[in-house]
Amino acid sequence: MILSDIETEIPDADAIDTESLPLDAWHRAKGGRMVPFAGYEMPVQYEGIMAEHLWTRESAGLFDVSHMGQLVFSGDGAAKALEALLPGDITGLKPAKMRYSLLLADNGGILDDLMISNLTTANPFEAGEGDLYMVVNGATKWDDLGYLREHLADEITINHLDERALLALQGPKAVDALGRLVPGVAALTFMTAGAFDWQGNALWISRSGYTGEDGFEISVDASAVEALADALVDQPEVKPIGLGARDSLRLEAGLPLYGHDLDDDTTPVMADLGFALSKRRREEGGFMGAERILLEREQGPIAKRVGLIVEGRQPVREGAMVVDADGNEVGKVTSGGFAPSVGKPIAMAYVPAASAAPGTTIQLAQRGKVHSATVTAMPFIPHNYVRAGASK
């Protein structure tokens, strides 16, 4: 298998100049091949995308996601204020619980997708009761900050935690490796979080991730992240993993990537992210773009994000056209590549709503060639999250 068969889309840096993350030298010492991503130099691979992908599915992979934005919201009414911009039930979010949500534009388009948690009083951010912790995408974090500051009242304080790093430990053996270093993490379940200590360093750890596997995201002070990364890769289950495998893993898990599968022209209904619209919010509205989004939810969108299994062995890439019988463009592939765990090329695309049912055959045009694909339910492989009441 040659690299081009499995290489995935890595966005260009937002600017010519790139910054270094706290683990930059660590990645290079480990053999990381560095590339510009979201304005930073980051490792795309170490020993190879295929090997790193399969290792994560079988054992545990360590990802540096310190480019992402970590924010804390404080002040009376912070949760209610955020509900004007997010379609989730933020005021009802219980302590140490987290929720996937979307930052919305006034036209209902998606400005970013994010995770938001209700901090407990015992946390490493010196936050108060009811304060909220949010993780946003690295490529959009500065725009997100500007948008949030523009739309939230002055009484709501936004603290950008730019002196903290973020690691993701993903895979079925992640709990074994992390549990040796940080006792108690095994008690967390999917979409819960808590404050922990490692060698005197305050950590905020959630049981979540972007691969479809069980795993954790670990917020740690940047001054301690290299020591923690060393301690993690010293565990026999753990290897460092780059952006390439992160992308192929999330694609198999059916998870969208902002700037590719989501953008400000895409609504949550088009993106098949209706689960992010909490029941109370659907009934009450009151969030950006609510009129359009709720109408689409009732009547159906014009186009919809779907998963595709592509015939043959040739992957289709972002930008390939979905075409009708006459060769006219009716949709577009937004992510695609060879899926190591599936053993086939897969893709995500926006197709006309009439063609979005699983089992529908569609045609894709790429570089003068037409490929046949079948709409399939996502995820492409089952998620392996550890939910409340389950054991791992």
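Okay, let's start at the hairpin of β2 and β3, where 2 residues sit between the strands and A38 takes a positive phi near 55°. Keep in mind that this is a predicted model.

How do the two strands of that hairpin run? β2 and β3 are antiparallel, joined by 5 bridges. One of the pairings to look for is F37, whose bridge partner in β3 is Y40.

Now zoom out a bit. The hairpin strands belong to an open sheet of 3 strands, in the order β1-β3-β2, and the pairing is mixed. β1, residues 19-20, and β2, residues 33-37, are at the edges with a single partner strand each, so each has one side with no neighbour in the sheet. Where does the parallel part come from? That's β1 with strand β3, residues 40-45, which pair in the parallel sense over 2 bridges. Here E19 stands opposite Y40 in β3. So Y40 turns up on both sides of our story: it is opposite E19, and it is the bridge partner of F37.

How covered is β3? Mostly: 6 of its 6 residues are buried. If you look for what lies over this part, you'll find helix α8, residues 243-252, going across β2 and β3 and running at about 70° to β3.

On to the helices, and a quick bit of background first. An α-helix has 3.6 residues a turn, so residues three or four places apart point the same way. Let's see that in helix α5, residues 141-151. Which of its residues are buried? K141, D144, L145, Y147 and L148. Looking down the axis of α5, you'd see those buried residues fall within an arc of 170°, so they line one face of the helix. The face turned away from them carries the exposed residues W142, D143 and E150.

Helix α10, residues 290-299, is another one to try. Its buried residues are A290, I293 and E296. They take up an arc of only 135° around the axis, which puts them on the same side of α10. And what do they pack against? That would be β6, 98-104. On the face turned away from the buried side, you get the exposed residues E291, E298 and Q299. Just after α10 comes G300, with a positive phi of about 95°.

Next, rings. The structure holds 3 aromatic pairs, and I'll show you one of them. The ring centres of Y133 and W204 are 6.5 Å apart and the planes are at 70°, so this pair counts as edge-to-face. Y133 is in strand β8, residues 132-136, while W204 is in strand β12, residues 201-206, so the pair ties together parts that are 71 residues apart in sequence. Are these two buried or exposed? Y133 is buried, at a relative accessible area of 5%, and W204 is buried too, at 2%.

Another ring worth clicking on is W55, because K239 lies over its face, at 4.1 Å from the ring centre.

Last stop is L54, in helix α3, residues 49-58. L54 is partly exposed, with a relative accessible area of 28%. What does L54 touch, leaving aside its neighbours within four places in sequence? P340 and S341. By contrast, take Q70: it is 16 residues from L54 along the chain, and their C-alpha atoms are separated by 29 Å.

Definitions and conventions: Residues numbered from 1 in each chain as written. Predicted model: local features only at pLDDT ≥ 70, side-chain atom pairs only at ≥ 80, totals over all residues. Heavy atoms only, no water. Phe/Tyr/Trp six-rings, centres within 6.5 Å; stacked < 30°, edge-to-face > 60°. Helix = DSSP H or I, 4+ residues; strand = E, 2+ residues; numbered from the N terminus. Buried < 20%, exposed > 50% of the residue type's maximum accessible area, 1.4 Å probe, protein only. Lys NZ or Arg CZ within 6 Å of the ring centre and 35° of its normal. Contact = heavy atoms within 4.5 Å. Arc of directions from axis to C-beta. Pairing = 2+ DSSP bridges. Axes fitted to C-alpha atoms, helices over the stretch in contact; angles between N-to-C directions.
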